[in-house]
Amino acid sequence: MKPSIVDGLFFGGMMNYYQEVLEQIQREIDNHNYDEANFLLTKELRMPYIPIEIENKLKQLKKECIASNEKEVKELKTEDILALLQKNDTCQLRAANLLLERNLHEYVNEIKEYLSFKPNEEAAALLIEGLAKQKVREEFILHKNGLEYVFWPEEVIPVIESKGFWQAKKYLHLWLENKHPDFLALCESLLVHECYVFLPLSYDENEAKELALVILKKVSSYMDDGDIYKKILKNNYIT
């Protein structure tokens, strides 16, 4: 996500902002970057208010994105998908998403090799969760941030099943839902990302409040120089 788009919410005219968003999404689709296009579409469609004509255009672009992606998936051969894992970050993310639609048991050796050589963080997280959901019973080694993680996918807790994730989400809703729904949407997106890139580890329920505060602080420091974060701390007597 590019900072200029978020900045536009506050400093640009709303219609100019939406025009930029629509044009960027169309570019991503035209360039076959369906994951990025879908990320932008999902983010915009979750906003608390969208002009009806813009909402219709976003929904139409989402249909186009899904259709184009499905068509390309059918045409891509397995070796082409695996080759994407050796390219840039965008290609690695693309490959990971495509592999998730297949039986990962058939690509254990290729995924082991990929995870062991400093993979893209987001792509690796997607594959790890995919392996966990498919309950692959093999030992994997992940190299990330100078550390080595040895894990068995069947023992990894998917993000959607993480108690720490759900409890952190509850805290964010408690603090932001009524007065700051725009911040809540951004915090939820960042929370999901944080929990994904934390894989193969997961957050415990007793870590949830600290996690939620970290997420809120990041968003608030970027969006309003930390004002909302400070207000939440004060209003909820958090020290």
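A charge sits over a ring if NZ of Lys or CZ of Arg is within 6 Å of the ring centre and within 35 degrees of the ring normal. The exercises below apply this and other rules to a predicted model.

**Exercise 1.** Find the ring over which the charged end of Lys144 sits, and then do likewise for Lys112.

*Solution.* Begin with Lys144, whose charged end is placed over the ring of Tyr149, at 5.4 Å from the ring centre. Then turn to Lys112, where the charged end sits over the ring of Phe140 and the distance to the centre is 5.7 Å.

**Exercise 2.** Check whether the span of helix α9, residues 163–176, agrees with its number of residues.

*Solution.* The expected span is 1.5 Å times one less than the number of residues, so the 14 residues of α9 should span 20 Å. The C-alpha atoms at the two ends of α9 are 20 Å apart, which agrees with that expectation.

**Exercise 3.** Describe what caps the N-terminal end of α9 and what its buried residues pack against.

*Solution.* At the N-terminal end, Ser162 acts as the cap, with a side-chain oxygen 3.4 Å from the backbone nitrogen of Gly164. Gly164 is itself buried, and the other buried residues of α9 include Phe165, Leu172 and Trp175. The buried residues of α9 pack against α10 (181–198), α11 (208–224) and α12 (227–235).

**Exercise 4.** Classify Tyr203 as buried or exposed.

*Solution.* Buried means under 20% relative accessible area, and Tyr203 has 14% relative accessibility, so Tyr203 counts as buried.

How values were computed
Residues numbered from 1 in each chain as written. Predicted model: local features only at pLDDT ≥ 70, side-chain atom pairs only at ≥ 80, totals over all residues. Heavy atoms only, no water. Helix = DSSP H or I, 4+ residues; strand = E, 2+ residues; numbered from the N terminus. Buried < 20%, exposed > 50% of the residue type's maximum accessible area, 1.4 Å probe, protein only. Contact = heavy atoms within 4.5 Å. Polar contact = N/O pair within 3.5 Å; in protein donor to acceptor, adjacent residues only side chain to side chain.
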